[in-house]
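Got the model open in your viewer? Let's walk through it stop by stop, picking a selection each time and looking at what turns up.

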Amino acid sequence: MRNFEFYNPVKISFGKGQIAKLSSLIPSDANVLLTYGGGSIKSNGIYDQVMNALKGYNISEFSGIEANPHYETLMKAVDLVKDKKIDFLLAVGGGSVLDGTKFIAAAALYEGSDPWDLLLHRRTVKASNAIPLGTVLTLPATGSEMNGTAVVTRWETKDKMAFDSVHVMPKFSILDPEVVFSLPVRQVSNGIVDAYIHVMEQYLTYPVNAPVQDRFAESLLLTLIEEGPKVLANRSDYDAASNLMWAATMALNGLIGVGVPQDWASHMIGHELTAFCGLDHGQSLCVVLPGIMHLKRRNKEEKLLQYGQRVWNITEGATDEKIDVIIEKTVNFFESVGVKTKLADYGVGVEIIPRIIDRFKTRGITAIGERGDLTLEEIGKVLELRLK
Ligand code: NZQ
Ligand code: ZN
């Protein structure tokens, strides 16, 4: 195992009725900005629960944070924060609202000329340069509720980029599995596969003798395989919703990634598919990952076989035969929970390949993946494999 530091200060309040605890989590004299998306929290009652819990607080609102949150939208919130002298942000939503709010937290106190540099140049955020934030998660998927990552899209240029800082990690996150009851099928499906692929990015690399991380990762994959379909079949299954929610949080709160190599190529390529072609985040990952498994089978051979054996019980056959079956099982799982896995399924053709390669070139990126050897040419091949 490699050396590592692990620090995760996010307080989690998990379970039914936890939204009522908000007043014990936010200072009573705080000047709060409530941030949310397109309105689902109004129709499913979460907004009312939050407002009831915060009676007597000084609260302003910023709504309309879209999926794959736009820098242009978020900068309007930054103006509001400055104008109203906001000193606490409460994000109520899915990954997009949470990520957008992390950006607002750092952008509002950014000392340079353009907060986009936080993403473009990965500028460091100082502790004194981030407004504290808390979250009420409404969609189990991204893990944003318990990490310091935010992904933001600059709509004007179709750039989808990430930044990371311990200082935008939420002070607390409320995880009430009942929020799942109102989720549309598509978002449940996206959440299952996003969490699954977060695990894969940190697991499907090469062995460094880290059995704790490996077993944790495998338990998350198995939990997603078992519990995800239960949530799809019955949105009111509280136990299944709880397990899905906690698995998704654990998949990207840093724990399984300590001391091990990490890949993230599916995410890097997937973000371009979202930015250029509008695929949902989860959809983009299900297109890319099988291509990487196929092309990088030698690099990933030991972990592929371990994954196949421990998660899918695949033990028979020659190495490449087993790997083919393992990829097929993985693809079938994504399709079985309702996410299509080919570019043609989303109306995307071969013309996207040079655009994506050019994008990486422009950013000065020549290769990605856990060994830094998935070249631009190979990124093209991965996408070719996933055409139809
Ligand atoms: O906007 P509203 O009306 O709230 O509707 C949302 C949105 O349309 C809806 N929704 C959320 N909770 C709901 C609900 N509808 C009914 N009932 C509920 N309880 O779901 C739609 C999608 O929401 P969104 O927040 O976009 O989804 P998700 O949580 O999948 O977030 C995706 C974003 O997170 C980023 C992605 O790139 C993408 O921008 N990611 C963030 C990561 C992180 N911070 O660590 C890691 C991930 O890999 C990912 O990149
Ligand atoms: Zn993801």
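Start at the metal: the donors of the zinc ion (ligand 2) are spaced D-x3-H-x68-H-x13-H along the chain. Select Asp194 (OD), His198 (NE2), His267 (NE2) and His281 (NE2), and you have the atoms that coordinate the zinc ion (ligand 2), at 2.0 to 2.1 Å. Donors here are N, O and S atoms within 2.8 Å of the metal (3.2 Å for Na, K and Ca), and since water is not among the atoms, sites may look incomplete.

A word on the ground rules: this is a predicted model, where local features need pLDDT of at least 70 and side-chain atom pairs count only at pLDDT 80 or more, while totals for chains, interfaces and linings use all residues. Residues are numbered from 1 along each chain as its sequence is written, chains are lettered from A and ligands numbered from 1 in the order in which they are written, and side-chain values use heavy atoms, with hydrogens and water left out.

Now colour two of the zinc ligands. Histidine 198 sits in helix α7 and histidine 267 in helix α10, 69 residues apart, so this pair links distant parts of the chain (helices are DSSP runs of H or I, at least four residues, and strands are runs of E, at least two, numbered from the N terminus). Are these two buried or exposed? Histidine 198 counts as buried because its relative accessibility is 2%, and histidine 267 is buried too, at 7%. Buried means under 20% relative accessible area, exposed over 50%, and partly exposed in between (1.4 Å probe, protein chains only).

Next, select ligand 1 and everything within 4 Å of it, counting heavy atoms. You should get 32 residues, and the closest are Gly38, Ser40, Gly95, Ser96 and Lys160. By class, that shell has nine nonpolar, 20 polar and three charged residues.

Which side chains make polar contacts (N or O pairs within 3.5 Å) with ligand 1?

- Lysine 160: a side-chain N or O atom is 2.7 Å from an oxygen atom of ligand 1.
- Asparagine 147: a polar side-chain atom lies 2.9 Å from a ligand 1 oxygen.
- Histidine 271: a side-chain N or O atom is 3.3 Å from an oxygen of ligand 1.

Last stop: valine 152, in strand β6. Valine 152 is buried, with a relative accessible area of 0%. Draw a C-alpha to C-alpha distance to phenylalanine 163: the two are 11 residues apart in sequence and 8.4 Å apart in space.

Conventions. Polar contact = N/O pair within 3.5 Å; in protein donor to acceptor, adjacent residues only side chain to side chain. Nonpolar A, V, L, I, M, F, W, Y, C, P; charged D, E, K, R; others polar.
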